[in-house]
Amino acid sequence: MDVDAFDSLLGDEGQALLSALRDYDPAKELATATRLRRDHPPALVSAALTQATLRQRAVAKFGPEDAHRMYFTPNGVEQSTRTSVAAYRASRFAGFGVHRMADLCCGIGGDAIALARAGISVLAVDRDPLTCAVTRANADALGLADLIEVRCADVAEVDTRDFDAVFVDPARRGGRGRVFDPEAYSPPLSWAIEAARTTPRAALKIAPGVPHEAVPEDAEAEWISDHGHVKEAVLWFGTARPGLRRATLLPSGHSLIGTPLLPDPEPGAVGRWLYEPDGAVIRAHLVADVAARVGGRLIDPTIAYITTDELRPTPFATAYEITDVLPFNLKKLKALLREREVGIATIKKRGSAVEPEQLRKRLRLEGGNACTIVLTRSAGSPTMLLGHPAQALSGGA
């Protein structure tokens with residue numbers, strides 16, 4: 001889809017097509033396209049079908065109300081920030097007193113929209129003409145055009161010194177898929193860091209797997225998860241605590257701030273309770289902080305599972321009550337599950353070579369009872385733990 005084809009969607013005929021395709025079934029694309037081309041130009045039909053499909057995919061990130069009013073490109077759907085994360089980040093900028101900022105590498109405008117909704121005036125910059133056209137259309141569709149100015153330019157050409165803050169979201173995908181080297185981002189992380197230092201406040205969106213040694217000393221590093229899934233890492237500049245590491249869990253908003261120089265917890269025997277830290281906690285290297293909060297120990301020096309003898313609820317880890325601690329043995333496991341009539345099993349692994357789905361097939365589960373199976377290592381040995389999720393966990397330790 002080029003800019004002209006996209007622009008045709010914004011006219012009355014294009015809008016009518018998009019409205020009619022809201023509940024369109026992509027599996028019937030050929031039949032739908034054939035029917036619509038009897039009354040509409042083929043290029044417009046193709047653009048509308050593409051947009052309808054992208055809107056359906058975008059619902060998971062933007063929710064149905066926004067997704068079916070917005071416009072997307074294939075890369076924009078894949079790389080854009082989901083609304084929950086963008087809104088959280090915008091709230092931090094607003095809390096810093098930011099009123100005017102530059103969103104560099106803005107994509108289809110997901111972050112610019114959240115910033116504008118937080119009352120911040122945004123210059124959204126991208127070098128791709130189609131992406132810029134989509135961002136303008138999104139600002140108009142959501143009633144935010146007065147707060148979002150879109151500029152089609154190379155971000156390196158934008159003077160950011162007069163802004164309160166900068167947000168940079170470098171492209172982390174290339175022709176061959178995901179890019180893992182921060183210097184292979186577009187633009188490179190080193191450029192983004194220098195751009196961040198031109199304004200009083202700044203944030204850089206990066207991959208959650210970024211090496212900790214790549215984090216500058218003057219940046220706060222934050223890892224963010226949403227409903228238990230790690231979504232991104234952010235480098236913050238101009239905060240009160242450079243060098244800080246933080247794990248933030250959405251939608252609750254709980255944020256765990258790392259304690260400097262906290263020693264790793266000592267390993268020990270598996271107790272009655274097992275804690276699985278949230279992925280953002282693990283990425284932020286804050287497992288020791290969670291262990292300190294619950295008074296726990298590691299089950300193995302190399303494994304991010306914490307154990308205690310008494311339950312201490314925490315929002316930063318999921319707790320399981322452990323009923324069995326056994327050396328890994330498939331025959332023994334099958335017999336035990338058959339004896340207990342376990343037909344529903346949640347299989348987790350950390351530090352085990354066993355693949356959960358392959359194990360599930362071999363177990364041939366039958367029965368009406370449920371069980372959580374954890375494949376891991378304890379004191380260096382392959383171990384299987386059986387148990388159940390702790391009930392009524394709430395609050396924060």
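Let me begin with arginine 350, which lies over the face of tyrosine 305, with 4.8 Å to the ring centre. Please keep in mind, as you look at the structure above, that this is a predicted model, and that I will be talking mainly about aromatic rings and what surrounds them. A second arrangement of this kind involves arginine 100, which lies over the face of phenylalanine 163, at 4.1 Å from the ring centre.

Now let me turn from charges over rings to rings paired with rings. How many aromatic pairs does the count come to? The count comes to four aromatic pairs, where two rings pair if their centres lie within 6.5 Å. One of them is formed by phenylalanine 6 and tyrosine 71, whose centres are 5.5 Å apart and whose planes stand at 90°, an edge-to-face pair. Where do these two residues sit along the chain? Phenylalanine 6 belongs to helix H1, residues 3–9, while tyrosine 71 is in the loop between helix H4 (42–67) and helix H5 (74–79), so that the pair links distant parts of the chain, 65 residues apart. Phenylalanine 6 counts as buried because its relative accessibility is 0%, and tyrosine 71, at 5% relative accessibility, also counts as buried.

Another pair brings together phenylalanine 96 and tryptophan 236, and it is called edge-to-face because the planes of the two rings are at 70°, with the centres 6.0 Å apart. This pair, too, links distant parts of the chain, since phenylalanine 96 lies in the loop between helix H6 (83–95) and strand E1 (100–104), whereas tryptophan 236 lies in strand E9 (residues 229–237), 140 residues away. Is each partner buried or partly exposed? Phenylalanine 96 has 25% relative accessibility and therefore counts as partly exposed, whereas tryptophan 236 is buried, with a relative accessible area of 1%. If you look around these two residues, you will also find Phe93, because ring pairs link Phe93, Phe96 and Trp236 into a cluster.

Finally, I would like to look at a residue without a ring, threonine 308, which is found in strand E14, residues 306–308. Threonine 308 has a relative accessible area of 2%, and so it is buried. Which side chain does the side chain of threonine 308 meet in a polar contact? The partner is the side chain of tyrosine 275, at 3.3 Å. Leaving aside residues up to four places away in sequence, threonine 308 touches several others, among them Gly271, Arg272, Trp273 and Tyr275, and also Val294, Gly295 and Gly296.

Notes:
Residues numbered from 1 in each chain as written. Predicted model: local features only at pLDDT ≥ 70, side-chain atom pairs only at ≥ 80, totals over all residues. Heavy atoms only, no water. Phe/Tyr/Trp six-rings, centres within 6.5 Å; stacked < 30°, edge-to-face > 60°. Helix = DSSP H or I, 4+ residues; strand = E, 2+ residues; numbered from the N terminus. Buried < 20%, exposed > 50% of the residue type's maximum accessible area, 1.4 Å probe, protein only. Lys NZ or Arg CZ within 6 Å of the ring centre and 35° of its normal. Polar contact = N/O pair within 3.5 Å; in protein donor to acceptor, adjacent residues only side chain to side chain. Contact = heavy atoms within 4.5 Å.
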